[in-house]
Structure formats: structure tokens, C-alpha cells
Amino acid sequence: MSKEVRIKDIGKPSKQLIKLRLEDLMKLPPPYDKPGEEPEMTEPKEEWREKYITELDGYIAIDVPFEKPKTKEEEQRLIQRFLEGLKKLLDKENNWTFLQPLLLSLEFCAKCQTCNDACPIYLSSGKKEIYRPTYRSEVLRRIWKRYLTPAGKVFGKFVSGDIELNWYTIARLAELAYRCTLCRRCTQVCPIGVDNGLIAHEIRKLFSQEMGVAPKALHELGTVQHLRVGSSTALTPEGFKDIIEFIEDDIKERTGKNIKIPVDEKGADILLIHNAGEYLSWPENPAAFAIIFEEAGISWTLSSELVGYDAVNYGVWYDDVQLARIARKHVEVARKLDVNRIVVGECGHAHKALCVVADRVLADEYNIPRESCMPILWDIVRKKKLNLDPEKNNFPVTLHDPCNMVRLMGVVEPQRKILREICPQFREMEPHGVYNYCCGGGSGFAIMTSMNFPEWRNKVATRMKFKQILTAFQDCIDPSIKKYVCAPCSNCKGAIRDMLDHYQATMKCGIYYGGLVELMVNAMVDIEEPFIEMF
Amino acid sequence: MLTPLQISSYLAFAIFVVVVVWKFVKYATMPIHLRWELYPVPHEPEHEHGGSFFEHQNIWQLERKHDKLNELKEMFEEMLFIKRMFQNKRDLWYVSWPFHAGVYLILVWLALLFIRAVLVIAGVHSLVPIADALIMIAGAIGVIAATLGCLGLLIKRVGSWELREYSAGVEIFNLLFVLAVLLTGLFAWIKFDPNFNIAKEYMLSLVSFGSQPMPELPKPILVHLILLELLFIYIPFTKIAHYVGKYYTFHTVLWEDAINKPGSEVERKVKRCLQFRVSWSAPHIAGRTWAEEAANPKLDVIERWKP
């Protein structure tokens, strides 16, 4: 067990609090159990150290330059600003959205450490102290107690524990909020129900909502671009329409089917919203949805209106105000189209953001039903609205459970029922369902690609998922046997794509990945050529 | 005529009750928060696999069914046996569970002392021997289990790096305080009051508001009683009162999944919160109400953070 870092060390002036080494990380199953099978770890560049926060572990999630104070007065201003933000987190009007859950988690943690071994990042890192799920929570708790509670002001260390609030503490805490994927496995096992994932989420909010500091991929290029341009991918309404035409042509070419994808059709039953990343990186996924929905006779439409063609809502990871804005835009689009309900495609966080979390930022005419695509897809399979031949999917398949859709929303069985029906070699990874591990790309990590952050993601955050996948396929790990990881979520697919690339697992083990609807179309009897390409 | 000791007993109990109620009220009157449930949610009919109503279509038309029995089962398993710790942190459970079970039995013991006093005052003497037997069982097992558990918790808290590092001084003090109360109680029971007769008489004097005589208290029992009163006053102000938090974390956060349907109570509460003013200082926030901020976004960003 790593004991080199103490809680009070968060404020220790030093170049870097910890350094990760390959030999310390969690061991992987064959063929990665031998040295030299995975890339070495790198050092942060010196020029990064001047502009960004490398004082935690050398990795950079916050790619907005974060200036170090040059004088004591500047440091005091930073401290005051941070404390102002913390006060607002504990204020009814500014943080009604999470006040009760946050206070409960700050006030009642028994520090029993029952949660530790539930955290894939803590385990994958070789139990590095700063990644212990209670570490960042305890830092925030001590600051809160010391500076903002009467007991802390009177009794000091005796009630708050040892902590010093300075630039190092604040800067490291900002980075540390982005070393947790908000998967909330730790909360599942806590005897008191304390939520360390929520505390990480609230720290992110403090930095974003008070200081305007958040990873560019989430804020400037994420929610801000989403609201300005229409999509966090920078896809414009015109670009979207072009892609739809391309997808229609591609469907014709690959399947021989003439499908006119409905766009902006008023009065449809369903407004289907995909993560716009699908259109750019995996257009076969919206294509497969179109084939299935048309074949099954579903009344549906896509939207080409600003924000309406991108289901993502990065606000759910770091900023409640941005969350509310994007959710509101999504339902505005649905209202204009006069649909009965919004259905979210294969995107986990969009599921949770629109159906669960944003449920309580909508009211009156902006409150319309929002649902998952999974029960509809299962209904189509169950009622045999498609002619499917499971033999066409006769290769090993395992299922990844996107945290946002499964553990945090309870959509567990429909996708499994489909796979059991159409994939003869389907096998569960362990653990699975609501106890499955995060892909490692959760809470924005999949799209955060600045500087050396992808290395941390691939080495630490996705390591547990990689181990699970390898273990699930150990009986057929030979690369000549093509295998498929079904990940019904865009961000999970992104993380798994990068993971397979980083470990060269497609070449070494024959592992491929994709969504659920692709497997359904691949099994359709009247489509001659394989829809899923594994080569 | 009430003695100062009896008055202090009433006061300690009253402070305990008032502060605990205040804590419950504090959390109960907080604004509604965004939904943040975590599956499995035990009242969902599909709880076996962790499923929710989202596994169905047309959720607004769906007739929601709640498996209240399973929710109670889950609740009692967690309350009585600390199930999550048993499954995930067995070494700590071996001391935590005896401690908690012991404390529950001591609370039962106190309740039985009260009931016995009421029976005596009401003249229902036939039931008193039953109460006496139960008092003996609950008191004896309770104080032994709680003392051993508390001692074990203290050893763990101090001896294990991962527990000690995360504990402030007050958390060690809390255990020492509870242990002091338990050890003096254990000593008083074994040495001076093996049948809890003094405890029974003292409770009778309290319940009868002094009309029944207060027993002579040997000094060790007096010390124990004063410590116990101080503990009663102290508990609600500390994390020892985590039972308050546990109720809310499970019932109003992790298992709370009410849909915001038009015209519902949830919607009424949400609408009130949307009128709260946002005063966050980031450049993309304009200081309007939540509803206004959502409707008309301001989208300024900073290029770099400067102190």
C-alpha cells in the first residue's frame, strides 16, 4: 500500500506530488503479463510545467493556463475566490441542485475506507494514495471544516485535521477533480451512502462556475461550442444535413436499401437524438438506427436545428448552469417538432443528463417525456419486427455497461436480452450490470485529449476495463479469432477505441468494438454483406 | 422533589432529542435537488438486476410499482447488520458490527427500563418479571458487545494507517469518550449493580418525576451516569449521529427517483428553485435566475486563469 503521500501533502510546495511508474500499475492478463507488451510512460514537457498544473501527478486535464501567484497578495486573492466558491456550493440558491447530497457527504463520512476497493482508478494505479476515493473528498472536507464551520474556526486541527490552503492545494485539487470518472461505484458500497463521486463533481463545479476554469474539451469546445455552433463536435446544421445524405448513400451502397432518413418531420412520435460524435466517427451507428427504425415502422425523426442533432450534455460533468441550458435547448427542439417524446440514442451520459439529472431543471411546456432507446430496440427484437439470423453474429461478443445508462439509470436488461437473442457466443464480463466498471472515459475523459492526459486515461482510467475485456476473451484470445466488445455509448466507444489502439489489442488479440444496433443490422437476413467489418 | 442529577438527566435527554430533530428538520427542509439515484434501487420491481422504470417505454404512462417490502428488507439489513461493510470491508465489520449491535441493545435496554417503570407506576406487576428478564439479557449482551466493539474500533482507528491518516483528533476523541462511558458502565454493572436494580430504581424515579425515591448511587455509578448524560448531549453535534445522514443519503438521494411530471409536486418544487438567483462569478454566468440563465445563455470564456 502506498503511504508516501499524506492528506496535508496536497499543500506541500513540490514539483510533483507523485510519479506514476509502469511497474506499480495493476497487472494485466495474458498476453500483457510480460514486460514490453505495453508502451512506457512519459514525462510531462518542461514548457507545460510553466503554464499548467503538473504539480499533482504530472498529467494535465485542465488545459486552461492556470497562473501561479507571484505575490502573497495574489495567493490570498486566489484563496478568497476559492472559499467564495465553496460557500456558494453550500448555498441554497446557488447550489439547490446538489446542496443536500453534498452536505450529507461532507458531514457524515465515517472514513471507514469501505469504498476504496470499489474504485477502478485506485486499483489500476496500484493503490496510489491520491487516487483513493476518499482522498480528494477529505481534502475538501478539511478545507470546509477549517475555514467555513464554527467548530473548525474554534478548535482548528482537532476537528478539521491537518490542511493548509494555498496555491498548491487549490491547483492540485482542481486537477484531482479530474482523476475520478464519477462512476460512483464507491457510493454503491458505502454503508452510509456517502458519495465521493459527487464531491469530485462539486469541486469541478466550483472551479467552473466560480472561476471559469474547466478542461477546454468540456467547456469552451464542449458546452459553449454546443450552444453557439450546434454541436460540441463543431458540426453545423448544414454539415449535419450533408452527413445525413452521405449516410443515406452509404446505406444504399452497403445494404441495397433505399432509406430516406426523416429530418425535422413534425408530429412524429419520437425525436431521436444521437451523440453527434457518431455522425463523424461512427456513422454506421446512426445508419443502423435508421435501417432498424424504418424496417420496424417506427414514427420518428431527427432534428437539424442547432443543438437538436447533438444529444451530448457535457454540463452534467462539471457545470449545472450549462447542464440546464443544453437540456432546455433539447426540449425546445422537441416542442417545435411537436413530438411525443425524446429518445436518446447510444450515448450513456446523454441518457443520464436528459432523462435523469435534467428532469428537475425542466418545467411547464418544457417538460416532455425523455426515454432510452434500449426498450424500443428490445421491443423490436422481441416482437420479431426484424428478420434476424443469430448465426450471422457467430463470434465472441461481450457487453460493456455504460455507467450513466446502467448504474446511474437502471437500464440493464433490454440490451442483454437483445444480445442473448442475436449473439450465440455472447458472454458477460465480470463484474457486469450495475456493478460493472467504467470504461475509463467517463465524465469527459474520453474527449479530453490535450497534452499527456490520454496517456493517463489509457494507463490508469481504462486499465480495469481492458483487464475485464481480456479476461472475458481469455478462452479465445488468439488474434485470428475476431471478437467484439459491444459498447452502446459513444464516449465509452471512444475510450475503448483509444485503449485498443494504445495496447494494440486489435492486432495482438483480435478485439474489435462497436455499438449494439450494428450487431442487430449485422444479423438481418436480407442484408447480404456483413454490416460489421472486422479485419 | 427532583435532585440536580435527575434534572440533568432530563436536560441531557431533551437536548439530545431537540438537536437530533433539528438536524432532521435541517435536511428535510433543504430544496429539492437534481435526481441522483444509484441502482440497484430496492423499491424498483426489477431490483434483482438493478433495473428501473427506464427499462420500459412511455414512462409517463407507466403505472409505477414500488416494492416497499424489499426496500424495508434492504433498509433493515443495512441498519441491523451493516451489510455493505460486511460485503466489502470484513476486517472492520468484525468490530463495527458488535459495537453497533451492542449500542442497539443498550438502547433497547433503556427502553425496557422505561417500560418497566411505566408498568410499575401503572400497577401492572404481572409483566414486570418479563421486563426484568429482558433487561438482564439486553443490558448484559449490549454492554459487553459494545465495549469490545468500541475497543476494536479504537485499535483499528489508531493502528491502521488508512484509518488514522484520515481521522481528525475529534474522531479518536469520540471513540475514547464512548469507550469511557461503556467501560464505566461495565464496571458499575459488574461491581455494583449486577441485576440492574439501581438502574431500574433510577429510571423509576425519573419516570415518576421524583415521586418514587431516587436510589443511593455508588460513586462509580454516579461517574458513569454523568458521563452518559454528557455523551447524550454531545452525540447530536457530532458525526456519531450519522444515522441522520444515513436516512437521508438512502431515502432522499440514492433511492429517490420520483419523476417530474407536469402538474406534480416535484414540478412545483422545481419551479420554485428555478426562480433562485445565481451569483456564481464565472464569465459565462450573468447573475440572473436559474430559469433566465437556462433560457438565454451567456457564453463568455476565460483564456487563462489569473489570480
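Q: In which loop of chain A does A:Gln113 lie?
A: In this predicted model, A:Gln113 is in the loop between α3 (99-108) and α4 (120-124) of chain A.

Q: What makes the phi angle of A:Gln113 worth noting?
A: Phi of A:Gln113 is near 65 degrees, which is a positive value, and the residue is not glycine.

Q: Why is the pair A:Arg6 and B:Glu165 called a salt bridge?
A: The closest N and O atoms of A:Arg6 and B:Glu165 are 2.8 Å apart. The criterion asks for a side-chain nitrogen of Lys or Arg within 4 Å of a carboxyl oxygen of Asp or Glu, and the pair therefore qualifies.

Q: How many salt bridges, and how many residue pairs in polar contact, are counted between chain A and chain B?
A: The count is 10 salt bridges. For polar contacts, the count is 62 residue pairs, both residues being at pLDDT 80 or more. On the side of chain A that touches chain B, the classes are 53 nonpolar, 22 polar and 35 charged residues.

Q: What is the extent of the contact between chain A and chain B, in residues and in buried area?
A: Chain A contributes 110 residues and chain B contributes 94 residues. Between them the two chains bury about 9,300 Å², of which 60% is on carbon and sulfur atoms. Of the area that chain A buries against chain B, 10% is supplied by A:Trp96, A:Arg325 and A:Arg360, more than by any other three residues.

Q: Why is an area used to describe an interface?
A: The accessible area lost when the parts come together is often given as the size of an interface.

Q: What makes B:Phe76 part of a nonpolar patch, and which helix holds this residue?
A: B:Phe76 is grouped on the surface with B:Leu69, B:Leu72, B:Met79, B:Leu80, B:Phe81, B:Tyr104 and B:Leu107. Patch members need over 30% relative accessible area and no salt bridge, and nonpolar side chains are joined within 5 Å; B:Phe76 is therefore counted as a member. Together the patch residues have about 760 Å² of accessible area. Two or more residues come from each of α2 (68-81) and α4 (90-122) of chain B. Helix α2 of chain B gives the most, with six residues, and B:Phe76 lies in this helix.

Q: Which peptide bonds leading to A:Pro431 and B:Pro40 are cis, and where are these prolines placed?
A: The bond from A:Glu430 to A:Pro431 is cis, with omega near -15 degrees; A:Pro431 is in the loop between β6 (426-427) and α20 (453-461) of chain A. The bond from B:Tyr39 to B:Pro40 is also cis, with omega near 5 degrees, and B:Pro40 is in the loop between α1 (4-28) and α2 of chain B.

Definitions and conventions: Residues are numbered from 1 along each chain as its sequence is written. Chains are lettered from A and ligands numbered from 1 in the order in which they are written. This is a predicted model: local features need pLDDT of at least 70, side-chain atom pairs count only at pLDDT 80 or more; totals for chains, interfaces and linings use all residues. Side-chain values use heavy atoms; hydrogens and water are left out. Contact means heavy atoms within 4.5 Å. Buried area is the accessible area (1.4 Å probe) that two parts lose on being put together, summed over both. A polar contact is a pair of N or O atoms within 3.5 Å; within protein, one must be able to donate a hydrogen and the other to accept it, and residues adjacent in sequence count only if both atoms are side-chain atoms. Ala, Val, Leu, Ile, Met, Phe, Trp, Tyr, Cys and Pro count as nonpolar, Asp, Glu, Lys and Arg as charged, and the others, Gly among them, as polar. Patches are made of residues with over 30% relative accessible area and no salt bridge: like charges are joined within 9 Å, nonpolar side chains (Val, Leu, Ile, Met, Phe, Trp, Tyr) within 5 Å. Accessible areas come from the Shrake-Rupley method with a 1.4 Å probe; for residues, only the protein chains shown count as cover. Helices (H or I, at least four residues) and strands (E, at least two) are DSSP runs, numbered from the N terminus.
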